[in-house]
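Reader: I would like a close look at one part of this protein. Please take the positions that a record marks as a binding site, and then show me what else is worth seeing.

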Amino acid sequence: MIKLVTGEEMQLIDSYTIKEIGIPSMVLMERAALGIVDHILKRKHIENEKVFILCGSGNNGGDGLAIGRLLGNKGIRTNIMLLSENYTQETSMQLKILQNLNIKVDKYDADQLKKYISESDLIIDAIFGTGLTREVIGHYKDTIQCVNNEDKFVISVDIPSGICSKSGKVLGVAIKANLTVTFGLNKLGNVLYPGTLYASKTNIVDIGFPKRAYDSRMLKHFTFDENALQKLPKREARSNKGTFGKVLVIAGAINMSGAAFLSAMAAYKIGGGLVNIMTHEENRVIIQTSIPEAIVTTFNTLDNKELDKTCFIEFKSSIKDANVIVIGPGLSQCKATKELLEYVIRHSKVPIIIDADGLNVLSNELSLIKEHQVEIIITPHPGEMSRLLGVSIKEVTENLIENANFISKKYNIICALKDARTIVTNPFDDVYINTSGNNGMATAGAGDVLTGIISGLIAQGLRPYEATCLGVYLHGLSGDKAKERVGVYSMMARDIIEEISKVTNIN
Ligand SMILES: NC(=O)C1=CN([C@@H]2O[C@H](COP(=O)(O)OP(=O)(O)OC[C@H]3O[C@@H](n4cnc5c(N)ncnc54)[C@H](OP(=O)(O)O)[C@@H]3O)[C@@H](O)[C@H]2O)[C@H](O)CC1
Ligand SMILES: [K+]
């Protein structure tokens, strides 16, 4: 698990390290500067290059001044410009050191700025870091635009200037970096959209915060890298299909058998022991032919689209047998879907994953999930989320974390809000931010694959929140493998399923 922080959280870690532990802030700043200089010195022909450092008033600017001094020591040609006349204490001390060494620091001048930018090969952005609090205007805005207009390699210190460290939003204008070198823990703003596009590649440098400084905080945001594969459920040597759990997939109205197929296939491919598909009677043959490994039970609808209630006899025992239930993919928004959903929520004793049409039905009657006795996971895309909350899609996509948090808390459920950075929240404020996956996965059926993966992980014994976070990560990773094989244009949901085995086959 990789923790992510907001600027405020980083400042708390910073001040704990300085005040409680006693590591002077100048020591941290020096290490931060050394970390950036290491990256700069790795450039192939750095000895022939010219570097231009832009510094703001805060400690981000102080880092910039220290970088300038260290590069000067190495004989690298460096120009430094300060964009402010007021500085923090540490930045003043850095400036004093530079003055003692007779290192020239320019004050802001628009013409000189343009000259330095055009002469340089590398620009270091130390204008704003985690202390950015408001829209960037005036000469700061002009400076950032000048940098963005020239095609120079830019390294941002900690976070691209202009990006909000908490939300990833652009506060007016922001530096477009080629590389961002961040300190201690990665900032949310470097990971969330659109900030992540400005940060480009992000490297994290350890500047000596003691582990205790992280552990003493309740850091709630996290992401995964490939180490998360260790969280895959362990497979007992002495086992049978019951050992790895039973998934009930309630999916597929007439002509919508594909959704049921994709969810069920993914549940099997991730390691679920047995999948029971409850689908419309008309889908029986096609499902039995396409996935003979699944058990098929069916329901029928009457002329008025209501459910033929006789199906409940068989349905009762399917629900009783299951370790986890998926409901919604391809069910259509008819009365029967609502009846099935109501029945499942009332009678299930195991976790329920509600997706697609299950969510669309729910958005007309959210009170349905108030009655739940078991853990519920919803997996909406922004359109479904906007209907659930009664807000615009823009409001959802601009505030993914807040909206997912809100619904998790209000209804005591787990929410996987699907986006280029899928967010997974629970009622206890934990926030997983997914970084795997690619735009080839924006294809029909990819969501059905995700519900299948999550259900297969729960069937094998993972706790629902853990399974949802890991499921989202593995789904993205499978998509990344599919991208390598077929590319983003040709990717189909079945390609993601096909790659699950490559992702999980780690031993
Ligand atoms: N904890 C660490 O990891 C370490 C971080 N370091 C570096 O320090 C920065 C954070 O430093 P901080 O001084 O808190 O913040 P900034 O450098 O980002 O500067 C913010 C200053 O800018 C002013 N401000 C804020 N928004 C604007 C704006 N839109 N326009 C103009 N000015 C703005 C603000 O001052 P005000 O009083 O005007 O609000 C701040 O003074 C971190 O990112 C690291 O790079 C350490 O060096 C090592 C340890
Ligand atoms: K910066």
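Author: Here is a walk through the annotated site, followed by the sheet and one more residue.

The model is predicted. Start with the record. An unreviewed UniProt entry lists Asn60, Asp125 and Ser161 under "binding site". These three are spread over 102 residues of sequence. In space they cluster, with a largest C-alpha distance of 9.4 Å. Asn60 from this set also belongs to the lining of the second largest pocket.

Take Asn60 next. Find it in helix 3, which covers residues 59–73. Is Asn60 buried or exposed? Its relative accessible area is 8%, so Asn60 is buried; the cut-off for buried is under 20%. Leaving aside residues up to four places away in sequence, Asn60 touches Asp125, Ala126, Ile127, Phe128, Gly129, Val157 and Asp158. Asp125, then, is a contact of Asn60 and is itself on the UniProt list.

Now Ser161. This residue sits in a loop, between strand 6 (153–157) and strand 7 (179–183). Ser161 has 0% relative accessibility, so it counts as buried. Again leaving aside residues up to four places away in sequence, Ser161 touches Asp125, Ile127, Phe128, Ile144, Ser156, Val173, Ala174 and Ile175. What joins the side chains of Ser161 and Asp125? A polar contact of 2.4 Å does. Asp125 thus appears among the contacts of Asn60 and among those of Ser161.

Turn to the sheet. 12 strands form an open sheet, and their pairing is mixed. The order is 8-1-10-19-18-17-16-15-14-11-12-13. Strand 8 (186–187) and strand 13 (295–299) stand at the edges. Each has a single partner strand, so one side of each is left without a neighbour in the sheet.

Look inside the sheet at one pair. Strand 15 (residues 352–354) and strand 16 (residues 376–378) pair in the parallel sense, over 3 bridges. There, Ile354 stands opposite Ile378 in strand 16. Helix 18 (residues 446–459) packs on the sheet. This helix touches strand 11 (246–250), strand 14 (324–327), strand 15 and strand 16. Its direction makes about 170 degrees with that of strand 14.

One last stop is Glu499. It lies in helix 20 (residues 493–504). With 1% relative accessibility, Glu499 counts as buried. What does Glu499 touch, not counting residues up to four places away in sequence? Its contacts are Ser478, Lys481, Ala482 and Arg485.

Conventions:
Residues numbered from 1 in each chain as written. Chains lettered and ligands numbered in written order. Predicted model: local features only at pLDDT ≥ 70, side-chain atom pairs only at ≥ 80, totals over all residues. Heavy atoms only, no water. UniProt positions renumbered as here; feature names shortened; annotations may be inferred. 1 Å grid on protein atoms, 1.4 Å probe; cavity = no way out; pocket = protein on both sides within 12 Å on 5 of 7 lines; lining within 4 Å. Helix = DSSP H or I, 4+ residues; strand = E, 2+ residues; numbered from the N terminus. Buried < 20%, exposed > 50% of the residue type's maximum accessible area, 1.4 Å probe, protein only. Contact = heavy atoms within 4.5 Å. Polar contact = N/O pair within 3.5 Å; in protein donor to acceptor, adjacent residues only side chain to side chain. Pairing = 2+ DSSP bridges. Axes fitted to C-alpha atoms, helices over the stretch in contact; angles between N-to-C directions.
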